[in-house]
Amino acid sequence: MNIRDLVHSSPIIGLSLPNPGRNPAGTGTIRMPNTPKSVMSTPDSSNVPSRAGSPHSKQCYSRTASIVLIGMRGVGKTTLATIAATALGWEHIDTDEIFESREHKSIAAYIVELGWDAFRAVESQILHDLLTAYPTNKIIACGGGVVEPESNRLALQVFREHGIVVHVMREKDAVLKYLRECTHHPPFYHETAVEAWDRRVVWFRECSSFDFVSLTVDIPSAPEGSPETAITPEQTLALKPVEEEFFRLLRFIHGIDTNKVAVGPRTHRSYILCLTYKDVRDAVPVLDDLSQGIDMWEIRVDLLGSLDPTFLAFQVATLRRYSNLPILFTLRTVNQGGKYQDATDDTTALHSLLQYALRLGVEYLDLQATYPKNIFMDLVARKGNTSIIGSYHNWSGNISWTGQETRQIYETLVQLGSDILNITNVAKTWEDNMSLREFVSSVEKNGIPLIAVNMFAQGKISRALNTTLSHVCHPLLPYPASPGQISFVECQQILHFTGLLPARKFYVFGNPIGESMSPTLHNTAFATLGLPHSYELHETDSVDPLVEVLRNPSFGGASVTAPYRRDIMPYLMHVSRQAKIIGAVNNVTPIPGGFSGDNTDWRAIKTCILGSVTPANAVTASTTALIFGAGGTARAALYALYYIGVVNIFIYNRTKTNAQILADEFNKLDALFCIRVLDSLSIPLPIHPQPTIIISTVPATSNSPTGPIEVDVGLKLEHLSSRGGVAVELAYQRRVTKLLALAEKKKDQGWVSVEGIEFFLEQGYEQFKIFTGRRVPKKVIRAKVLEVYERNVAHELTS
Ligand SMILES: Nc1ncnc2c1ncn2[C@@H]1O[C@H](COP(=O)(O)OP(=O)(O)O)[C@@H](O)[C@H]1O
Ligand SMILES: O=C(O)C1=C[C@@H](OP(=O)(O)O)[C@@H](O)[C@H](O)C1
């Protein structure tokens, strides 16, 4: 087996992620828009609808296309370019820097001497040269005033046909404060910074394709005397969320990870929560609670306090800062149950609002069947990697599910190129829910995901029975978005009482497992989500008795730990390819006809590393890593490292021969691997460049007749590079290990330590997702697990 088959390579080393749930783009006949009539006025009566698309809907930027950043002074273009260029392994070019080195003086001094026009002329030349010379593999940060000359705007518009031009934004207050305090900028020409900002914002949008908000983070000040442009390791760490959000957008644009929810016949039920706030920033304190069981956020733009694009960009950015769930952008008009005015003769505002959603790179966009047809089709044509949910809400209660009108709506929405359909009616009687199910069955064969529900009290059951992207409410929301909406927990209760969600039993298999925290994690998660399942310890002396547990009809899944991670494999009908390579499974789930085994250790390791490696130490081809230990977790660590693009790996193990066997085995998997075994931990280490990722898979303590004694693997402070790095602990320990203690001492040099408990939590979240198809609201579970953990530690220390 070739390990490369498992890893989707991308030029963004370390940022490649597989994308199992992605919906294919629509295909089929192209119907060009004619007059801006309502879509509903031109239904097509053919029985087998084909989906519209357009050559543009396949539009995708090359992964090597250069990225140009434009935006107001001080929003963070240079900062973003620096951190993104490091992570991509690309060169970062700054028009201001080129100007100053070409003219041998500061921009401010140049303008005092020769004036703004002379400055703009040279700046324009630099811009044109760069855009022509560097179509690929560069990040170009432009000066804030680059959009002033029309010729520059035109050049950027030409460039964005193949390159990525991003308009960077940041909170006005924070930027103005920075500009007031900053001495090296020339004053604005005849106007204030705010005036220049307001004047330029239209131009920034006119010549870019995407808007990105670099939400302000708290950046520690640089040590005295350091150059103004240098970014210290601590500063890059503070900027980590900005880096993550920018790469989320890039991965989306490039189609590497479009963050889609898996929908279809063999997937779990999926749910959307509509944030009914005037300002979604008000949701932040309860966002984790609101995320209970759901797969997607919906921003109902018509309910927001403002429709200003900048306000909308900050709404989306805020959600992205606190959650990585995909976002659905919905603008509901009055006749469809929303607050946005219904189409008037002038539909320009509606059109540009919807186009703006695409600029923000939202994962899903709701388009109403009642929108003018040309608008609907234009957005489908430009959607890129955004999926279109074509929707129709009938509030009159006059349309029956089995009647011709519903079928026509369905067909029209399909023909227009919707990726997912949303048809909502009113239930006047219980039987209306039956006819809904009849309709759903009749169109199931088309394979187009359909949200079909009835509103109001009589329709509640239809919401619970709907399988795809059900809109749910939550008690903490200001109000439910639609009449008759039920919560995620209520849905589960209805499903359970109607026999569609039987209670299952989950276990942890292993020996000894008395100290396992898995029951706390999983049972808290079940309770939080209102799921009827339970999770308990199942300690056995051998693997054989486990088979009986597996075969019990109520078996839902099991975590598997030492010593059965390999022994359980012969009992499984299917073992994931990752688990096969790693050589161990750590969870088992029932599948039709047998059981399936997977490994979530590597996923948790990947998350721990990527979440903590600073932009300054982003993974590149020369990155090195050091692993302590050569057992099962070391194997998962090797796989995780390969997955994120680290192939220069050193193993240090008490028994060198075991390390050599492991290195030999993995080196054979791919010629790219360069795994070596260290004889000893000399100072300095014989590793160049020094490792920026150190992973310990050995326990912090070992048992002795006199009690637990500290394990010292021999790592010294001098072994930790002064470039910073990430130290990861892969066992949840009662004591901080030597590795973490050393990393803590080098914090100011950019070392980040990830405790074993973090690894355990990540691994547990992943297992839970496999067991139930649901994500867990992390804050609640984390708090409970940490409470139990602290209690155990306190107990150990006092006894
Ligand atoms: N997201 C952010 N949060 C906080 N400060 C930021 C952020 N992005 C940039 N900064 C700070 O703002 C200042 C201006 O950033 P810079 O990248 O030079 O802006 P530009 O190139 O757009 O003029 C710098 O001090 C930088 O550290
Ligand atoms: O707003 C402007 O006209 C300018 C912005 C500056 O670039 P940054 O936006 O990178 O600070 C720099 O090009 C020059 O001081 C003029």
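Around ligand 1 there are 17 residues, and the nearest of them are G76, K77, T78, T79 and T216. Here a residue counts as near a molecule if its C-beta atom, placed from the backbone, lies within 6 Å of it. Keep in mind that this is a predicted model, where local features need pLDDT of at least 70, side-chain atom pairs count only at pLDDT 80 or more, and totals for chains, interfaces and linings use all residues. Residues are numbered from 1 along each chain as its sequence is written, while chains are lettered from A and ligands numbered from 1 in the order in which they are written.

Helix α1 (residues 77-88) is the top contributor to the shell of ligand 1, giving three residues. Helices are DSSP runs (H or I, at least four residues), numbered from the N terminus.

What surrounds ligand 2? Its shell consists of R73, G74, K77, T78, D96, I107, G143, G144, G145, H185 and P186. For the class counts below, Ala, Val, Leu, Ile, Met, Phe, Trp, Tyr, Cys and Pro are nonpolar, Asp, Glu, Lys and Arg are charged, and the others, Gly among them, are polar.

| Shell or contact | Nonpolar | Polar | Charged |
|---|---|---|---|
| Ligand 1 shell | six residues | eight residues | three residues |
| Ligand 2 shell | two residues | six residues | three residues |

Now for some helix packing. Helices α3 (residues 107-114) and α4 (residues 116-133) pack at about 125 degrees, with axes 7 Å apart. Axes are lines fitted to C-alpha atoms, for helices over the stretch in contact, and angles run from 0 to 180 degrees between N-to-C directions. The pair is therefore oblique; angles under 35 degrees count as roughly parallel, over 145 as roughly antiparallel, 65 to 115 as roughly perpendicular and the rest as oblique. On the α3 side, I107, Y110, I111 and L114 make the contact, and on the α4 side W116, A118 and F119 do. Contact means C-beta atoms, placed from the backbone, within 7 Å. By class, that contact has seven nonpolar residues, no polar and no charged ones.

Further along, α21 (residues 601-610) packs on α22 (residues 632-643) at about 55 degrees, with the axes 8 Å apart. That angle makes α21 oblique to α22. In this contact, D601, W602, I605, K606 and I609 of α21 meet T633, A636, A637, Y639, A640 and Y643 of α22. The class split is eight nonpolar, one polar and two charged residues.

Finally, an unreviewed UniProt entry lists "domain: SDH C-terminal" for residues 756-786. Over residues 756-786, the chain is 84% helix and 0% strand, and the end C-alpha atoms sit 12 Å apart.

Conventions: Helix = DSSP H or I, 4+ residues; strand = E, 2+ residues; numbered from the N terminus. Contact = placed C-beta atoms within 7 Å. UniProt positions renumbered as here; feature names shortened; annotations may be inferred.
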